[in-house]
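Visitor: I'm new to this. Could you walk me through the structure and tell me how the labels are earned?

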Amino acid sequence: MKLTNRLLKIASLVSEGKKVADIGTDHGYIPVYLLNKGKVSFAILADVNKGPLENAKKEVRHNKLLDKVDLRLGSGIEVLEKGEVDEVIIAGMGGILISELLEAKTEVAHSVDKLILQPMQAQKELRKYLLNNGYEILNEVLVKEDFRIYEIIETKYTGENTVVEDEIYFEVGSRLIENKDSLLGEFIDKKIFMYNSIIKKLEGKNGEAIEEKRKENKRLINKLEKLK
Ligand SMILES: C[S@@+](CC[C@H](N)C(=O)[O-])C[C@H]1O[C@@H](n2cnc3c(N)ncnc32)[C@H](O)[C@@H]1O
């Protein structure tokens with residue numbers, strides 16, 4: 001089993017010697033990799049669907065790791081009890097679903113040392129949820145796989161909300177800027193390209209709403225240019 005760049009980067013963010021849960025584990029590759037490397041000694045692998053959990057079980061069995069894991073069928077972090085694990089991974093799902101999963105069992109979400117979140121869409125909405133609901137964004141990392149750039153967010157509940165200076169920081173996490181992430185320029189360029197495509201599609205169209213949309217996209221492009 002060879003982990004892809006995205007999965008390897010997520011695995012690299014798990015702290016040594018901690019107990020970890022992988023929610024929506026599917027193939028179980030991340031926890032199996034971490035256990036094989038000896039980076040963690042125990043992992044909970046959970047999935048809401050039977051098929052993926054069976055895949056994970058096969059992978060665990062194949063790697064002779066059955067005594068080091070607990071496989072759980074159920075939604076999100078509802079399968080966890082407070083204090084069972086130190087860190088939780090939720091990767092490969094939409095940002096809104098991830099926030100709903102955190103909200104569904106806050107006693108667990110609030111008590112773990114770290115959540116490692118890798119939203120596939122609605123990254124902006126997830127950042128907004130975290131910062132407005134008492135989570136601190138500890139770190140963010142970008143990782144490229146094929147042509148896509150993925151965003152990984154490390155966060156922890158502190159009970160203090162964070163006020164962002166500008167809405168653009170929900171779209172481009174401020175930790176990425178502080179860390180001068182090596183993929184930041186390319187990440188921003190992709191966003192500028194996307195907003196320019198929207199402006200192109202509006203060409204030849206008129207009306208108040210269209211004009212407003214055009215202005216809004218230009219405004220976002222200007223802000224993004226300044227972050228580079
Ligand atoms: C695209 S896969 C991602 C697998 C892996 N985490 C990764 O990043 O490659 C999404 C997985 O999440 C599971 N899933 C979807 N909704 C879930 C939920 N509410 N709770 C737990 N798992 C869920 C799906 O069954 C599927 O196995």
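Guide: Sure! Let's start with a ground rule: two residues are in contact if their C-beta atoms, placed from the backbone, lie within 7 Å. And keep in mind that this is a predicted model.

Visitor: Which residues of H1 and H2 meet by that rule?

Guide: From H1 you get Leu-7, Ile-10 and Ala-11, and they meet Tyr-29, Ile-30, Tyr-33 and Leu-34 in H2. By class, that contact has seven nonpolar, no polar and no charged residues.

Visitor: Why are H1 and H2 called oblique to each other?

Guide: Look at the angle: helix H1 (residues 5-12) and helix H2 (residues 29-37) pack at about 55°, with axes 10 Å apart. Roughly parallel needs an angle under 35 degrees, and roughly perpendicular runs from 65 to 115. The value of about 55° fits neither, so H1 and H2 count as oblique. As for handedness, H1 passes H2 in a right-handed crossing.

Visitor: What makes H4 and H6 roughly parallel?

Guide: Helix H4 (residues 95-104) and helix H6 (residues 123-132) cross at roughly 25°, and their axes come within 7 Å. Angles under 35 degrees count as roughly parallel, and therefore H4 and H6 get that label. The contact is made by Gly-95, Ile-96, Ile-98 and Ser-99 of H4 together with Gln-123, Glu-125, Leu-126 and Tyr-129 of H6. Those residues divide into four nonpolar, three polar and one charged.

Visitor: How do you know that H9 is roughly antiparallel to H10?

Guide: Helix H9 (residues 184-201) and helix H10 (residues 208-227) pack at an angle of about 165°, their axes 9 Å apart. Anything over 145 degrees counts as roughly antiparallel, so H9 and H10 earn the name. Their crossing is left-handed. On the H9 side, the contact residues include Ile-188, Tyr-195 and Ile-199, while those of H10 include Arg-214, Leu-220 and Leu-227. Sorted by class, the contact has nine nonpolar, two polar and three charged residues.

Visitor: What domains is the protein divided into?

Guide: There's domain 1 (5-162) and domain 2 (186-227). Taken over C-alpha atoms, the centres of domain 1 and domain 2 are 34 Å apart.

Visitor: How many residues surround the ligand, and what makes a residue count as near?

Guide: A residue is near if its C-beta atom, placed from the backbone, lies within 6 Å of the molecule. There are 14 residues around the ligand, and the closest are Gly-24, Asp-26, Pro-52, Ala-91 and Gly-92. Strand E4 (residues 87-93) supplies the largest share of that shell, three residues. By class, the shell has six nonpolar, six polar and two charged residues.

Methods:
Residues are numbered from 1 along each chain as its sequence is written. This is a predicted model: local features need pLDDT of at least 70, side-chain atom pairs count only at pLDDT 80 or more; totals for chains, interfaces and linings use all residues. Helices (H or I, at least four residues) and strands (E, at least two) are DSSP runs, numbered from the N terminus. Ala, Val, Leu, Ile, Met, Phe, Trp, Tyr, Cys and Pro count as nonpolar, Asp, Glu, Lys and Arg as charged, and the others, Gly among them, as polar. Axes are lines fitted to C-alpha atoms, for helices over the stretch in contact, and angles run from 0 to 180 degrees between N-to-C directions. A crossing is left-handed if the near helix is turned anticlockwise from the far one by less than a right angle, and right-handed if clockwise. Domain bounds come from an automatic or database domain assignment.
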